[in-house]
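Let's take a walk through this structure together. Have the sequence at hand and turn the model as you read.

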Amino acid sequence: MILLKLPILQRVFACVLGLTISLSAVEAAPVKIVSEGVSSACVVVSKDSPEFTRRGAEELVHYISEISGVRLPILNEPDETREGPIIWVGAHPALAKRHPGLDSSMTTPEETLIQTVDDDVILLGRDIVGVDGAQLEAGTYLAVSSFIEEQLGVRWLWPGELGTDIPKAQTIRVEPLSIRYTPQVRLRSLRYTNYERSYRELSSGSKERLSQFIEDPLQWARHSDREARRWLNFHRTDAPSVGSKANCLAGSLANYRNRHAFSDWYKKYGVVHPEWFALQPDGTRTPYPKPTHVKMCVSNPGVAAQWVRNAKEFFEKNPNASTFEAAENDYGWQGYCVCENCVAMDNKDAELLEQDLRWSGVKKSSYALTDRYVKFWNSLARELKKEFPNREVNVASYAYHVTRPAPSLPLEKNIIPTFIGIERRFYHRNNREHTLEQRKMWDQWWEAADRRAVLVWRPNILYKNMGLPYIFTKRHSENMRYVADRGLAGISFGGGGCYWAVQGPQLYLNVKLAWNPNADADAILADWYKRGFGPAAPFIAEYYQLFEDLYARLAEQYKDQGYSVYTDPPRLFREIRSDSHLATGRLGAEGVVRNRHIEDAAKELLRKANDAVAEEGEAYRKRVLFVETGFRFIEANLDSIEAMNDFTAAPSDETRKRAEDAANRRDALLGENAHGFAINYVDFLRELEASRRYLGPPEGVAPKSESDSEKQAVIQDLEA
């Protein structure tokens, strides 16, 4: 008999997640769901249950079947003549009758309950459905997913069949337990579903390129997004909403819209109300740097009045919505209003900004503009409350660029700020000194919010990673715990493609800490390695640690160097093939001695991992090969980056040919592995278009027949 040893598993994984298990004071027998491949148990779910409750019941039956080979029936009503355990999924009128002493109240957002009573298992959660029928909270589904993972022992290591690890057992039993949990993080929005969006943004040439490997790229992209979203849902998180539809697995703040507010204002109001827009130093109100990134004259009462009208219309059309955005546009250091009234709203004693402000032909240092904007947001918040006195409506704002330093005045209670900082994928923002500075800013925003749990953290840690091995699990877990203790209400990761074979442990840890920021990160990762790779776990763990150590070193090494989001990731990661000599220029080519010590060590660890699973099950062997595919992509990407650096430094037929060959090898590898989740082909094509001159192929930089003068112009352009 194969026995699934759940008593130990429950306690071990509860420690991993930082949960508390309360066992009944009276010793009770375990609930036997399946005994020696036979079961009389059933699943009961009300026919009136919301969508995700019904989906949870189906997932539960599926995984019990995968574990034991026994498929339990799903009933809408308990059969009084049927003997055997009942697994109750969601609220049901018959539940109180069968177990009158059960406390089934759900008073906090997304609260979950996993409990055994006599011979039954109860899986409950707070399920909220909006007036329009949309599900806003899916607590029961959260409870079911937790049960499948923590009590049944299933692991979702990465999306797809290969990443799903299911134990096999002829007997499934659940020891007496009662677990109540309410997630602290009420917005768990991770941008792991970018396939269709990236595909639609591709040029026709890139779409044609993709179609050489994938028969129907659009359908493939949609399928990949569904699989990624399903994976996120299993981990009790979700991606950003699609259109106006909220994703209830993203948390009870899923309707929180934390985006830029004024991108279309100049197009809509610029002709009729030019006075609403930022006054420039030249006396005009022409948008700088461009209309879609215009800044507002926030001292003009017309701006606030129009915002309130827009917000009112939005909330009336969207009965489930809880926030409306008021944050300025991107290009965050440019084009701010210099009119007398806006400047009068500023705190002249605020700290100096880390970058100069810029206008057309003008550049100067400045104090933070946070007080200006908090006064504006506070006025909006007060008017919004007057319009909707009996409804929770909030102003969404950004602590970002000129408003990242905290204000000197308190926030209105219905403002939810998103802090964009502390941890970003940019090297020079991840050294210890900068992290401490950003944490201090977070603390000050928390104080401005009266120490309430209303802060959303957007660390942008996946943004434009280009499939390079960004691993920083220790830094991330430390920062998660820090902000969790100081007002964290939500986490919204900035966009970026997911390369699970390259960044697997980081992507996994992100979702686990979003569900519980106080969980034991080391235990989570140890479990991921062991369940994913068996006897190869130590070698795979050491393999990823190579890149984590590199990341930590680069963060300190480049802390004083300027940074470009589009160009520096590939340039800096060429350090994998370099000594520790600091790059002195943007291309980072001066004085660098090429070597491959990190790659050599990685290859040796992967060889040991393959040897360790040579006689093991097929799943372990395939997963090691999955990681190896990621490493092959890292090598191919670095080959191309290195060849492009050489070509741009000294254009010639020889360096062009080498760059072309390297890009072609990388493209072939992407195509061969397009159908899995190891590497994200469509995301890479999008980044390639945005950064062609740095990622190759060389025809994106210069024509094949360039003259000597044209070659020199290319080099000068790149250096600029």
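A good place to start is Gln115, whose bridge partner in β12 is Ser178. Keep in mind that what you're looking at is a predicted model. That bridge belongs to a pairing between strand β5 (residues 112-117) and β12, which is antiparallel and runs over four bridges. Strands in a sheet can pair either parallel or antiparallel, through backbone hydrogen bonds.

Stay with β12 (residues 178-181) for a moment and look at where its side chains go. Ile179 and Tyr181 point to one face and are buried, while Ser178 and Arg180 point to the other face and are not buried. That kind of alternation between the two faces of the sheet is what a regular strand shows.

Just before β5, in the loop that follows α3 (93-98), sits Glu110. Glu110 isn't a glycine, yet its phi is positive, about 60°. Most residues other than glycine have a negative phi. Glu110 also counts as buried, because its relative accessibility is 0%. Arg236 tells a similar story: its phi is positive too, at about 65°, and it is not a glycine. You'll find Arg236 in the loop between α7 (217-234) and α8, and it is buried with a relative accessible area of 0%.

Next, another sheet. Here six strands line up in the order β13-β20-β19-β18-β17-β14, with parallel pairing, and the sheet is open. At its edges are β13 (187-189) and β14 (323-325), each pairing on one side only. On average, neighbouring strands of this sheet are turned by 25° against each other, ignoring direction. Zoom in on β19 (residues 455-457) and β20 (residues 488-492), and you'll see three bridges joining them. Val456 stands opposite Gly490 there.

So what holds the inside? Let's look at the nonpolar residues. The largest nonpolar core has 184 residues, and those touching the most other members are Ile33, Leu60, Ile87, Tyr192, Trp307, Trp500 and Tyr543. Helix α14 (residues 500-515) gives this core its largest share, ten residues. Apart from that core lies another one of twelve residues, including Val44 and Leu102. As for Tyr543, its contacts beyond four places in sequence include Ala602, Leu605 and Phe631.

There are gaps as well: six cavities of 30 Å³ or more turn up in the whole structure. The largest holds about 100 Å³ of space, and among its 13 lining residues, Glu328, Tyr336, Tyr400, Val402 and Thr403 are the closest to its centre.

Technical notes. Residues numbered from 1 in each chain as written. Predicted model: local features only at pLDDT ≥ 70, side-chain atom pairs only at ≥ 80, totals over all residues. Heavy atoms only, no water. Pairing = 2+ DSSP bridges. Helix = DSSP H or I, 4+ residues; strand = E, 2+ residues; numbered from the N terminus. Axes fitted to C-alpha atoms, helices over the stretch in contact; angles between N-to-C directions. Buried < 20%, exposed > 50% of the residue type's maximum accessible area, 1.4 Å probe, protein only. Core = buried A, V, L, I, M, F, W, Y, C linked by side-chain atoms within 4.5 Å. Contact = heavy atoms within 4.5 Å. 1 Å grid on protein atoms, 1.4 Å probe; cavity = no way out; pocket = protein on both sides within 12 Å on 5 of 7 lines; lining within 4 Å. Points joined across faces, edges and corners; volume = space filled by probe spheres on them.
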